[in-house]
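Biologist: Hi! Could you walk me through this one before I head back to the bench?

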Amino acid sequence: MSIRGGSRRVVANLLVAFTALTLLPACRVDIATTVNVAESGGGTISVIVTADAEVMRGAPELATSLSVDDLRAAGWDATVQNPTADGGLSLTLTRGFTKPDEANEYLAQLSGANGPLRDLRLSSEGGFGDATYAFSGTSGLPQGLAGFADDDALAALGVAPFASTLAASNLSLGEALGVTLRVLLPGSPLGTSSGTVTRNDEDLSTTFTWIVPVDGGSLDLTAGTRNRNISALLASVTANGFLVLIVLLAIAFTAYCGSVIFRRSRSTPGS
């Protein structure tokens, strides 16, 4: 199995290939994506694609034919685990980013125009000690498994081959395919979110989790946090106050020295 296309398509094309395996009878493929954002606005994106033992029994050649060279050439770290604890196979993709705009470029590589994760966007505002973070997008498979196919395949084959093969497997798409998304944003949650929100008192970030609908429906993705670091704000205020004090002392010292020199010059005999 090789991955073809530009860097914007390599991950999406890989997911197409893995998801096609759900068309094997009694097989299961799970795709779990995590976006972990740090206070700096940088962070990591990871995608774990897991095919169960039934997949490996139905397509044993997957273990030797899976090629991730194009993914690595496109900048993704790729690790294959074969076999997994239950006899399946998993592929883990990771990529770091330094700012939200860079993350958005990589997030666009995860899904095609009709894929399960679309128009994903990360943004941040504010600065040191007080910043807000926002994540948005659209999820779901309104076209079912056809959402994993590229435009050329759909033009040549149509949707029928996907639908008929899935029907023959006696499985619903939800039984054969699982897609989840998890986003970690620094700070406390703002307003409401379309996903499950988890944050303990000791956590530095809030975790948002979505189960992506694969039954033809769609789900809007919205999440936001505010990260107020009181210690950092106090330290900044203290540092700024200390700097002002030093400047004022320097001015006062200069003025005092000037006044001393002036008085001495006035008291010098013969002046």
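Modeller: Happy to. One term before we start: a residue is called buried when its relative accessible area is under 20%, and exposed when that area is over 50%. Also keep in mind that this is a predicted model.

Biologist: Got it. So is Phe208 buried or exposed?
Modeller: Phe208 has a relative accessible area of 1%, and the cut-off for buried is under 20%, so Phe208 is buried.

Biologist: How many aromatic pairs are there in the whole structure?
Modeller: The search finds 2 of them. Phe208 and Trp210 make a stacked pair, with 6.4 Å from centre to centre and 15 degrees between the planes. Trp210 counts as buried too, at 1% relative accessibility.

Biologist: And which residues do the ring pairs link into a cluster?
Modeller: Phe135, Phe208 and Trp210.

Biologist: Which residues touch the most other members of the largest nonpolar core?
Modeller: That core has 45 residues, and those with the most contacts to other members are Phe97, Phe135, Leu177, Leu185 and Trp210. Strand S7, residues 177-186, gives the core its largest share, 5 residues.

Biologist: Tell me about Leu185. What is Leu185 in contact with?
Modeller: Leaving out neighbours within four places in sequence, the contacts of Leu185 include Val37, Leu122, Tyr133, Phe135 and Phe208. Thr225 is also among them.

Biologist: Where is Thr225, then?
Modeller: Thr225 sits in strand S11. Its relative accessibility is 0%, so Thr225 counts as buried.

Biologist: What does the side chain of Thr225 reach?
Modeller: The backbone oxygen of Pro186, at 2.6 Å. Not counting residues up to four places away in sequence, Thr225 also touches Ala131, Thr132, Tyr133, Gly187 and Phe208, among others.

Biologist: Switching to charges. How many salt bridges does the search find?
Modeller: The whole structure has 2. Side chains of opposite charge can pair when their charged atoms come close. In one bridge, Arg226 pairs with Asp130, and the closest N and O atoms are 2.8 Å apart.

Biologist: Which parts does that pair tie together?
Modeller: Arg226 is in strand S11 (residues 218-228) and Asp130 is in strand S6 (residues 130-140), so the bridge ties together parts that are 96 residues apart in sequence. Both ends are partly exposed: Arg226 has 34% relative accessibility, and Asp130 has a relative accessible area of 25%.

Biologist: Which residue forms a salt bridge with Arg28?
Modeller: Asp30 does, with the closest N and O atoms 2.9 Å apart. Asp30 is partly exposed at 30%, and Arg28 is partly exposed at 26%.

Biologist: Where does Arg95 lie?
Modeller: Arg95 lies over the face of Tyr106, at 3.8 Å from the ring centre. Tyr106 is one of the buried residues of helix H5.

Biologist: Nice link. How many residues of H5 are buried?
Modeller: H5 covers residues 100-107, and 6 of its 8 residues are buried, so the helix is mostly covered. Besides Tyr106, the buried residues include Pro100, Glu102, Ala103, Asn104 and Leu107.

Biologist: What covers those buried residues of H5?
Modeller: The cover includes strands S1 (29-37), S2 (43-51), S4 (89-97) and S5 (117-127), along with S6. S6 is the strand we met earlier, where Asp130 lies.

Biologist: Great, thanks for the tour!

Key
Residues are numbered from 1 along each chain as its sequence is written. This is a predicted model: local features need pLDDT of at least 70, side-chain atom pairs count only at pLDDT 80 or more; totals for chains, interfaces and linings use all residues. Side-chain values use heavy atoms; hydrogens and water are left out. Rings of Phe, Tyr and Trp (its six-membered ring) pair if their centres lie within 6.5 Å; planes under 30 degrees apart count as stacked, over 60 as edge-to-face and the rest as tilted. Buried means under 20% relative accessible area, exposed over 50%, partly exposed in between (1.4 Å probe, protein chains only). A charge sits over a ring if NZ of Lys or CZ of Arg is within 6 Å of the ring centre and within 35 degrees of the ring normal. A salt bridge is a side-chain nitrogen of Lys or Arg within 4 Å of a carboxyl oxygen of Asp or Glu. Helices (H or I, at least four residues) and strands (E, at least two) are DSSP runs, numbered from the N terminus. A polar contact is a pair of N or O atoms within 3.5 Å; within protein, one must be able to donate a hydrogen and the other to accept it, and residues adjacent in sequence count only if both atoms are side-chain atoms. Contact means heavy atoms within 4.5 Å. A nonpolar core is a set of buried Ala, Val, Leu, Ile, Met, Phe, Trp, Tyr and Cys residues joined through side-chain atoms within 4.5 Å.
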